[in-house]
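Visitor: I have a model in front of me and some labels I want explained. Can you take me through the reasoning behind them?

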Amino acid sequence: MSLSFSPFEAEFDVLVIGAGHAGTEAAVAAARRGARTTLVTSALETIGQMSCNPAIGGVAKGTVVREVDALGGIMARATDMATLQFRMLNRGKGPAVWAPRAQCDRGLYRRAVRTLIEEHPLLETVQGTVARLLFDGDQVIGVETLEGRRFGTRTVVVTTGTFLRGRIHIGTTTSLAGGRAGETSATHLAEQLEHVGLEVARFKTGTPPRIDGRTVDSSKLDRQESEIEQFDYTWSHFWSTPRRDSTGVTRHPAQLPCLITFLGTAGKQLIETHIGESAMYGGAITSRGPRYCPSIEDKIVKFPGAERHQLFLEPEGHDTHELYVNGLSTSLPALVQLDILHSVPGLEHVRMTRAGYAIEYDYYPPTQLDATLQVRALPGLFFAGQINGTTGYEEAAGQGVVAGANAAALALGLSPLMLGRESSYIGVLVDDLITRGVDEPYRLFTSRSEFRLTVRQDNAIRRLAPVALALNLYNQEEEAIVARRLAAEEEARSLADETSIRPEDALPVLAAAGSAPLAHAVRISEVARRQHISLGDLFRVMGVGADLPADAVISTELEIKYSGYFDRERLQADKLRRMGDFPLDAALPYDEMLSLSLEARQKLSRLRPLTLAQAAGAPGVSPTDLQNLVIEIEKRRRAVPSARGRVRRRKT
């Protein structure tokens, strides 16, 4: 009798390295697809850690959070459990482009994430630092940690954030290895990934100082209150019971205000005097940082005419007086940072609890990935988050869902998760990364999407629930919640189309909005098309739809009010979807397709798109190139059967 021993302590279908926003979403998505999954992180206590600003959402980003939620992710649920201040941005531009943003209790958020991931029976967590990947040829088969533990796996998702050869800079003389303050960087894995031939580059990001809120003179500052009760907003679609107490108030942690101040002339002069001591401007850092989240040094240099720069003092949590100084990201020496803080109104005697810093880290240009976020050269290896050159918690979470779901699909032989630009901001994000690459840390904006009116935060469940249902990402309770939500929207639309409203009933609503009175009775849906007229108000005066969820009524109102714009976008979306259904063989010989421009041949040979829609997104590929590409492919398809026929005739 012979005994065989596994070289691994345990074996999994999916192994996720890193437990930030990308890693936790990847692990949950993989587990929801039925894969036995493990999440490996250097410290279990930091699962779900908000490394920088403790805020979730914003323009475009808030929509991504809702999309992650619609695909079974946990970011929205954790945000609901930790929100200590809520704002709805873009309110002056109409509800179609409103953008939710939540300031979170940092500690509550982290604990919420850990609680949510531990609800999944197929998901385990392991504390350890991954030193290297284990390969059989070019196929990844496991990992080994610095502690000497070895785990086998069919697929690996790397979500290491800023930890790969991360280096922290404070001024030009203080530099230390670290993935974030107080935590060491990962060098072994970074060196291996470079050694196996992947292209690697460096980016930088930064964080501002934190201060003791007890030493702030708030009498000199403006207060910004939470709007949570005004909007009655819940981030997640999937709470099985209403998140309200017996009085009808939404159940969130107690809300806290933000304080608003500014950096003025004195602070600007300090920065100008010490600019050469900044790690960024003193030569200690040469990597590019995020354009849309600049350091205070960048603001002073690039906008010298600005009289002052607004700062937000944002609470870190209920268990601390510490405040995050949003708008003052810096890599100046600590003592200079303190002097700058003391120049700010309301902070004249403030105590700095932590200095701001800049951090450089490795990322891997994402054109090395396919549309599933798998590394083309290394089957079974997926990347998600800042390792792909992005910035932001929400962008990381969206990539995590895609990479985790697809790692599980590869391991178990399931259908992949492929999201198009027309279906979601996550689809825009992935398509931009793999076809266009990055030359600075990538951040989502509404302007990146061609379909920003139809891809909104309020309709994420209608757009993506069919995808999630097809991939079995929901449990039975969640399926029932989705069915109720979609049914509520259908009921709201039917009520609007079938209920007539008389002029005298509509008059109070119309007069309050400054809109002309009705001449005769019309359907509610016709009145709701008018600007500044609320469908919910019309339902209330008619005594209908009282039991409908507010978000279902809002989505229905937007569909009615902007139907003409939506119809035009959906025609474009259908065209792009059809292009997405046109597959491209990864081995196509683009170099031989002389009807394509030279630039198109070079770009397509490098990017290897899997669909015509992906090819269309590649910079340098023109509409004429796309037409010629289709012709080239059809010629090759016709040639294959005829060639086979000639072979058969020679044999007879």
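Visitor: Why is arginine 638 called exposed?

Guide: This is a predicted model, and the label rests on a computed value. Arginine 638 has 56% relative accessibility. Exposed means over 50%, so arginine 638 counts as exposed.

Visitor: Where does arginine 638 lie?

Guide: In helix H21, residues 623-651. Its C-alpha is 57 Å from that of glycine 178, and the two are 460 residues apart in sequence.

Visitor: Is threonine 160 buried or exposed, and how do you know?

Guide: Threonine 160 has 11% relative accessibility. Buried means under 20%, so threonine 160 is buried. Its place is in the loop between S9 and strand S10 (167-170). From threonine 160 to aspartate 585 is 31 Å, C-alpha to C-alpha, with their positions 425 residues apart in sequence.

Visitor: Now the aromatic rings. How many aromatic pairs does the structure hold?

Guide: Seven.

Visitor: What makes the pair of phenylalanine 12 and phenylalanine 151 tilted?

Guide: The ring centres are 6.3 Å apart. The cut-off for a pair is 6.5 Å, so these rings pair. Their planes stand at 50°. Under 30 degrees would be stacked and over 60 edge-to-face. An angle of 50° fits neither, so the pair is tilted.

Visitor: Which parts of the chain does that pair link?

Guide: Distant ones. Phenylalanine 12 is in strand S1 (residues 10-17) and phenylalanine 151 in strand S9 (residues 150-158), 139 residues apart. Phenylalanine 12 has a relative accessible area of 4%, so it is buried. Phenylalanine 151, at 2%, is buried.

Visitor: Why is the pair of phenylalanine 86 and tryptophan 235 called edge-to-face?

Guide: The centres are 6.3 Å apart, and the planes are at 80°. Edge-to-face takes an angle over 60 degrees, so 80° earns the name. This pair also links distant parts of the chain. Phenylalanine 86 is in strand S4 (residues 83-89). Tryptophan 235 is in the loop between helix H6 (228-231) and strand S15 (258-263), 149 residues apart from phenylalanine 86. Phenylalanine 86 and tryptophan 235 are buried. Ring pairs link Phe86 and Trp235 with Tyr233 into a cluster.

Visitor: How do you know that arginine 448 lies over the face of tyrosine 442?

Guide: Arginine 448 is at 4.2 Å from the ring centre of tyrosine 442. The distance limit is 6 Å, and the charge must also be within 35 degrees of the ring normal. Arginine 448 counts as lying over the face. The charged end of arginine 637 likewise sits over a ring, that of phenylalanine 582, at 5.1 Å from its centre.

Visitor: How many cavities does a search of the whole structure find?

Guide: Three, of 30 Å³ or more. The largest cavity has about 90 Å³ of space. It is lined by 14 residues; the closest to its centre are Thr63, Val97, Trp98, Tyr425 and Thr446. By class, the lining has eight nonpolar, four polar and two charged residues.

Visitor: What makes the phi of alanine 60 worth a label?

Guide: Phi of alanine 60 is near 70°, a positive value in a residue other than glycine. Alanine 60 lies in the loop between strand S3 (55-57) and helix H2 (61-70). Its relative accessible area is 3%, under the 20% limit, so alanine 60 is buried. Asparagine 90 also has a positive phi, about 65°, and is not a glycine. Asparagine 90 lies in the loop between S4 and strand S5 (99-104).

Visitor: How many disulfides does the search find?

Guide: Zero.

Visitor: How do you know that cysteine 104 is in no disulfide?

Guide: The nearest cysteine sulfur, that of cysteine 258, is 11 Å away. A disulfide needs sulfur atoms within 2.5 Å, so cysteine 104 is in none.

Visitor: Why is cysteine 104 called buried, and cysteine 52 partly exposed?

Guide: Cysteine 104 has 0% relative accessibility, so it counts as buried. Cysteine 52 has a relative accessible area of 23%. That lies between the limits of 20% and 50%, so cysteine 52 is partly exposed.

Technical notes:
Residues numbered from 1 in each chain as written. Predicted model: local features only at pLDDT ≥ 70, side-chain atom pairs only at ≥ 80, totals over all residues. Heavy atoms only, no water. Phe/Tyr/Trp six-rings, centres within 6.5 Å; stacked < 30°, edge-to-face > 60°. Helix = DSSP H or I, 4+ residues; strand = E, 2+ residues; numbered from the N terminus. Buried < 20%, exposed > 50% of the residue type's maximum accessible area, 1.4 Å probe, protein only. 1 Å grid on protein atoms, 1.4 Å probe; cavity = no way out; pocket = protein on both sides within 12 Å on 5 of 7 lines; lining within 4 Å. Points joined across faces, edges and corners; volume = space filled by probe spheres on them. Nonpolar A, V, L, I, M, F, W, Y, C, P; charged D, E, K, R; others polar.
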